[in-house]
Amino acid sequence: MAGEGTVAAVYAQALAGASGPVISQVEEAFDALLQAWREVPELKVFLAAPGIPIRAKVEALGKALPEAPLMFLNFLGITADKGRLGILPEIHAAFRDLRDR
């Protein structure tokens, strides 16, 4: 989709800026989430399902990522609330680019 890269970069910058001292743990949690995204097709279906409340999605992600910092789970909640869970791979790539600089 046009413009999704720019949106992803904005989300990635916000995540990196908010991560502060837990940025390594955020990176690990995000890596784990994206690995599951690639390996478990049902995850994408679950996160995209409009009939599942956002809170349920975030709670499920929290259970799946028990070591994830709370601020990362909050970030996922905001991302879900804004309807942007579908661009998590792009956000992850932009986040990794920022970390590699």
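This briefing looks at how a few helices pack in the structure above. Please keep in mind that the model is predicted. We start with helix α4, move on to the crossing of α2 and α5, and end with Thr79, a residue of α5.

**Helix α4 and its two faces**
- Helix α4 spans residues 54-64, and its buried residues are Lys57, Val58, Leu61 and Gly62.
- These four sit on the same side of α4, because the arc they cover around the axis is only 135°.
- On the face turned away from that buried side you will find the exposed residues Arg55, Lys63 and Ala64.
- The cover over the buried residues of α4 includes α2 (23-39), α3 (41-48) and α5 (70-81).

**Where α2 meets α5**
- Two of the helices that help to cover α4, α2 and α5, have axes that come within 9 Å and cross at roughly 50°.
- The two helices are therefore oblique to each other, and their crossing is right-handed.
- From α2, the contact is made by Val26, Ala29, Phe30 and Leu33, while α5 brings Met71, Phe72 and Leu76.
- By residue class, this contact of α2 with α5 has seven nonpolar residues, no polar ones and no charged ones.

**Thr79 in α5**
- Helix α5 also holds Thr79, which counts as buried because its relative accessibility is 0%, against a cut-off of under 20%.
- Setting aside neighbours within four places in sequence, Thr79 is in contact with Tyr11, Arg84, Leu85, Leu88 and Ile91.

Key:
Residues are numbered from 1 along each chain as its sequence is written. This is a predicted model: local features need pLDDT of at least 70, side-chain atom pairs count only at pLDDT 80 or more; totals for chains, interfaces and linings use all residues. Side-chain values use heavy atoms; hydrogens and water are left out. Buried means under 20% relative accessible area, exposed over 50%, partly exposed in between (1.4 Å probe, protein chains only). The arc is that of the directions from the helix axis to the C-beta atoms. Contact means heavy atoms within 4.5 Å. Axes are lines fitted to C-alpha atoms, for helices over the stretch in contact, and angles run from 0 to 180 degrees between N-to-C directions. Angles under 35 degrees count as roughly parallel, over 145 as roughly antiparallel, 65 to 115 as roughly perpendicular and the rest as oblique. A crossing is left-handed if the near helix is turned anticlockwise from the far one by less than a right angle, and right-handed if clockwise. Ala, Val, Leu, Ile, Met, Phe, Trp, Tyr, Cys and Pro count as nonpolar, Asp, Glu, Lys and Arg as charged, and the others, Gly among them, as polar.
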